Amino acid sequence: MAIETEVGSITAFDNANGQGILATVEFKDYDLRHQGVRVFVKLPLDKNAPLADIEAKAIDEAKRQLKNLVSEF
């Protein structure tokens, strides 16, 4: 089982509702069709950060959220 990580739907916002970066992180196993986990994350807005840094931070935040969720079971 080789799990792949994919970051998508990266959206930055800075408006009356606040500011930040929203992203979707998917953990997929391409050997098993239709199986995976999707995590929605919110990061602080950093307008000067390269895309690679934002993706890495999104993956780290998604892993943190999953660890917290699993520890509650």
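Two strands pair if DSSP finds at least two bridges between them. The exercises below apply this to a predicted model.

**Exercise 1. How many bridges join S2 to S3, and in which sense do the two strands run?**

Step 1. Count the bridges: eight join S2 to S3. The pairing criterion asks for at least two.

Step 2. Read the direction: S2 and S3 run antiparallel.

Step 3. Pick one bridge. Leu-22 has Lys-42 in S3 as its bridge partner.

Step 4. Follow the connection. S2 and S3 form a hairpin, with six residues between them. In the turn, His-34 has a positive phi of about 65 degrees.

**Exercise 2. Establish the order of the strands in the sheet and name its edge strands.**

Step 1. List the elements. The protein has one helix and three strands. Along the sequence they follow the pattern β-β-β-α.

Step 2. Take the other pair. S1 and S2 pair over 11 bridges, in the antiparallel sense. One of the residues involved is Glu-4, whose bridge partner in S2 is Lys-28.

Step 3. Assemble the sheet. The three strands form an open sheet in the order S1-S2-S3, with antiparallel pairing.

Step 4. Find the edges. S1 and S3 each pair on one side only, and these are the edge strands.

Step 5. Add the twist: it averages 15 degrees from one strand to the next.

**Exercise 3. Check the length of helix H1 against its expected span.**

Step 1. Take the range: H1 covers residues 51-71, which is 21 residues.

Step 2. Apply the rise of 1.5 Å a residue. The span is taken over one less than the number of residues, so H1 should reach 30 Å.

Step 3. Compare. The end C-alpha atoms of H1 are 30 Å apart, which agrees.

**Exercise 4. Where does H1 lie relative to the strands, and what covers its buried residues?**

Step 1. Place the helix. H1 lies across S1, S2 and S3, and runs at about 115 degrees to S3.

Step 2. Name the buried residues of H1: Ile-54, Ala-58, Ile-59, Glu-61 and Ala-62.

Step 3. Recall helix geometry. An α-helix has 3.6 residues a turn, so residues three or four places apart point the same way.

Step 4. Identify the cover. It includes strand S1 (3-15), strand S2 (18-29) and strand S3 (36-43).

Step 5. Zoom in on one residue. Beyond its neighbours within four places in sequence, Ala-62 is in contact with Val-25, Phe-27, Val-39 and Val-41.

Step 6. Widen the view to the largest nonpolar core, which has 13 residues. Val-7, Val-25, Val-41, Ala-58 and Ala-62 touch the most other members. S2, S3 and H1 are the elements that give two or more residues to this core.

**Exercise 5. Classify Thr-24 and Lys-63: buried, partly exposed or exposed?**

Step 1. Set the cut-offs. Buried is under 20% relative accessible area, exposed is over 50%, and partly exposed is in between.

Step 2. Take Thr-24, in strand S2. Its relative accessibility is 10%, so Thr-24 counts as buried.

Step 3. List its surroundings. Leaving aside neighbours within four places in sequence, Thr-24 is in contact with Glu-6, Val-7, Gly-8, Ser-9, Arg-38, Val-39 and Phe-40.

Step 4. Take Lys-63, in helix H1. Its relative accessibility is 41%, so Lys-63 counts as partly exposed.

Step 5. Set this against the whole chain. Of the 73 residues of the protein, 26% count as buried.

Technical notes:
Residues numbered from 1 in each chain as written. Predicted model: local features only at pLDDT ≥ 70, side-chain atom pairs only at ≥ 80, totals over all residues. Heavy atoms only, no water. Helix = DSSP H or I, 4+ residues; strand = E, 2+ residues; numbered from the N terminus. Buried < 20%, exposed > 50% of the residue type's maximum accessible area, 1.4 Å probe, protein only. Contact = heavy atoms within 4.5 Å. Axes fitted to C-alpha atoms, helices over the stretch in contact; angles between N-to-C directions. Core = buried A, V, L, I, M, F, W, Y, C linked by side-chain atoms within 4.5 Å.
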